[in-house]
Amino acid sequence: MLPRIADSLSFLYLDMVRVVQDDTGVCAQIQLDDNRTDTVHIPTAALTCLLLGPGVSITTRALTTLARHGTSVICTGAGGVRAYAGILPDSLTTRWLEHQVAAWADPDQRLAVATRMYEMRFGDDTVPHATTLAQLRGMEGQRMKALYKLLAQQHGIGRFRRNYHPDQWHQQDPVNLALSASNTCLYGIIHAAVLALGCSPALGFVHTGTQHAFVYDIADLYKADTTLPVAFSLHQATDPEQQARRKFREELRLIRLLPRVIHDIQRLLTPATATDDDSDDPTRYDVRIVHLWDPKTGTLPAGVNYAPDGT
């Protein structure tokens, strides 16, 4: 029995290793010398996502096991360039994907979901009624500027400006380096949660034009509470990228982010539907039930021969 996505470990970052499948599971190997290899086994069934940094090679058998266990794999290259490889578990229904597509395809519903996303960042009681999406974007921009200024003052930093230029990666200050590294980890966790629910990472409500628009939508809900404080606390770090990953992972143990992500996605897509009933918990890896679509009845049982009698 695989654990629920909400109960899984957050992420594991690897670099300069070879990931293989042996007789007991997936493991990371590093050659220490000519006669000795250090091996660390990876708990794939209980891991949300695996981040593969520079110098990593992985075998097909290992990827197959990760796919079977529903573990998301994210490849992070040198210079902060990110390439995502999402692995979708085959044991999921399309319930939440259908909710997402229905809301995304209807302009009014899409606007409503986008508005709810901004309201979740501000707090439901702080947004005036009938505020437009353009006004919400402006309010969010002002809120982020104020948060940058507050965090900079708390840590004794001068004026801070968010700066992300992969072609000038090593010329950036520690805060920007730490923020990019921790955001990569956050995107990986959100990506894994989106896939675990069976939703599409590409169908975003605020972001658009990328295969990970919905991932960015959801990740923006948590940056102010997670990656930003971590990044600013590392303004004097000698290795801000590595330290950001480690500190971010430690912080996740305290805030229990994954259950919150799952609940928030469900609340965004179906705000009027209660999702606290564990007997209908969509985060479990239940037995897959396949139906046939019919324009009149909606669904019909699969596994039935519908040939007319006498033919």
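## Starting point

A helix here is a DSSP run of H or I covering at least four residues, a strand is a run of E covering at least two, and both are numbered from the N terminus. With that in hand, welcome to a predicted model in which the protein has 9 helices and 10 strands.

Of its 311 residues, 43% count as buried. Among the contacts with a separation of 6 or more, 62% join residues that are 24 or more positions apart.

## Helix α3 and its surroundings

Let's begin with α3, which covers residues 107-122. How far apart should its ends be? The helix has 16 residues, so at 1.5 Å a residue it should span 22 Å; the C-alpha atoms at its ends are 23 Å apart, which agrees.

Both ends have a detail to look at. At the N-terminal end, D106 acts as a cap, with a side-chain oxygen 2.9 Å from the backbone nitrogen of D108. Just after the helix comes G123, whose phi is positive, at about 105°. Along α3 itself, the buried residues are V113, A114, T115, M117, Y118, R121 and F122. The cover over these buried residues includes α2 (95-105), α4 (133-154), α6 (213-219) and α9 (257-269).

## The nonpolar cores

Helix α3 also turns up in the largest nonpolar core, which has 36 residues; I190, I218 and I265 touch the most other members. Two or more residues each come from β5 (47-52), α2, α3, α5 (174-197), α6, α8 (240-255) and α9. The largest share, 9 residues, is given by α5.

I265 is a handy residue to select in your viewer. Setting aside neighbours within four places in sequence, I265 is in contact with V194, L197, C199, F214 and I218. Another core, of 18 residues, lies apart from this one, and its members include L147, Y148, A178 and A237.

## An open sheet with a helix across it

Now for some strands. An open sheet is formed by 4 of them in the order β4-β3-β2-β6, with mixed pairing. Its edge strands, β4 (37-41) and β6 (57-58), each pair on one side only. Strand β3 (residues 26-31) pairs with β4 in the antiparallel sense over 5 bridges, and in this pair Q29 stands opposite T39 of β4.

Helix α1 (residues 60-68) lies across β2 (18-21), β3 and β6, and it runs at about 75° to β2.

## Two residues to compare

R68 belongs to helix α1. Is R68 buried or exposed? Its relative accessibility is 53%, so R68 counts as exposed, the cut-off for that class being over 50%. R68 and A45 are 23 residues apart along the chain, and their C-alpha atoms are separated by 8.6 Å.

Y216 sits in helix α6. Its relative accessibility is 19%, so Y216 counts as buried, given that this class takes values under 20%. From Y216 to V206 there are 10 residues in sequence, and the C-alpha to C-alpha distance is 8.6 Å.

Key: Residues numbered from 1 in each chain as written. Predicted model: local features only at pLDDT ≥ 70, side-chain atom pairs only at ≥ 80, totals over all residues. Heavy atoms only, no water. Pairing = 2+ DSSP bridges. Contact = heavy atoms within 4.5 Å. Axes fitted to C-alpha atoms, helices over the stretch in contact; angles between N-to-C directions. Expected span 1.5 Å × (residues − 1). Buried < 20%, exposed > 50% of the residue type's maximum accessible area, 1.4 Å probe, protein only. Polar contact = N/O pair within 3.5 Å; in protein donor to acceptor, adjacent residues only side chain to side chain. Core = buried A, V, L, I, M, F, W, Y, C linked by side-chain atoms within 4.5 Å.
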